[in-house]
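I opened the file to take notes on its packing, its pockets and its cysteines. The entries follow in the order I looked things up.

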Amino acid sequence: MAGDISPIDVLSHMPVLCEDANIPYIYVPSKAELGISAATKRATSCILITPPKSSADYKEYYDYAIKEISA
């Protein structure tokens, strides 16, 4: 989730939903950088990264990210 969203009410409900569903989440400083990370030219308020459905190449990266976010 982007930390520079205004008004903050756009995302204020997301942490509660994530915690209720046991979904790890993090804030990043910039909605522009988050958009770039999601491979879009637009700024974005949040993205969801789903676990790989098969043993895809990025499974190790996904597992590492979850471990770091949970820490």
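**Core.** I began with the largest nonpolar core, which is made up of five residues: M1, A2, I5, L11 and L34. I keep in mind that this is a predicted model. As background, I note that nonpolar side chains tend to be buried together in soluble globular proteins.

**A2.** From the core I picked A2, one of its five residues, and listed its contacts, leaving aside neighbours within four places in sequence. A2 is in contact with L11 and L34, both of which are also members of the core. The list for A2 further holds Y27, V28, S30, K31, T44 and S45.

**S30.** I followed the contact from A2 to S30. S30 sits in the loop between helix 1 and helix 2. Is S30 buried or exposed? I found S30 to be buried, because its relative accessible area is 16%, under the 20% cut-off. Not counting residues up to four places away in sequence, S30 touches A2 and D4.

**A38.** I then looked at the loop between helix 2 and helix 3, where A38 is found. A38 has a relative accessible area of 34%, so I entered A38 as partly exposed. I also took the C-alpha to C-alpha distance from A38 to L48: 9.4 Å in space, with the two residues 10 apart in sequence.

**Largest pocket.** L48 came up again when I turned to the largest pocket, as one of the residues closest to the pocket centre. The others listed as closest to the centre are P24, I47, I49 and I69. The lining counts 23 residues, and the pocket holds about 600 Å³ of space. Which helix gives the most to the lining? I noted helix 3, with five residues. Helix 1 (14-20), helix 2 (31-37) and helix 3 (59-70) each supply at least two lining residues. By class, I recorded 21 nonpolar residues in the lining, together with one polar and one charged.

**Cysteines.** How many disulfides does the structure hold? I found zero. C18 is in no disulfide, and the nearest cysteine sulfur to it, that of C46, is 8.3 Å away. C46 is likewise in no disulfide, its nearest cysteine sulfur being that of C18. A disulfide needs the two sulfur atoms within 2.5 Å, so I did not enter a pair at 8.3 Å. I checked the accessibility of each cysteine too. C18 is buried, with a relative accessible area of 11%, whereas C46 is partly exposed at 29%.

Technical notes: Residues numbered from 1 in each chain as written. Predicted model: local features only at pLDDT ≥ 70, side-chain atom pairs only at ≥ 80, totals over all residues. Heavy atoms only, no water. Buried < 20%, exposed > 50% of the residue type's maximum accessible area, 1.4 Å probe, protein only. 1 Å grid on protein atoms, 1.4 Å probe; cavity = no way out; pocket = protein on both sides within 12 Å on 5 of 7 lines; lining within 4 Å. Points joined across faces, edges and corners; volume = space filled by probe spheres on them. Helix = DSSP H or I, 4+ residues; strand = E, 2+ residues; numbered from the N terminus. Nonpolar A, V, L, I, M, F, W, Y, C, P; charged D, E, K, R; others polar. Core = buried A, V, L, I, M, F, W, Y, C linked by side-chain atoms within 4.5 Å. Contact = heavy atoms within 4.5 Å.
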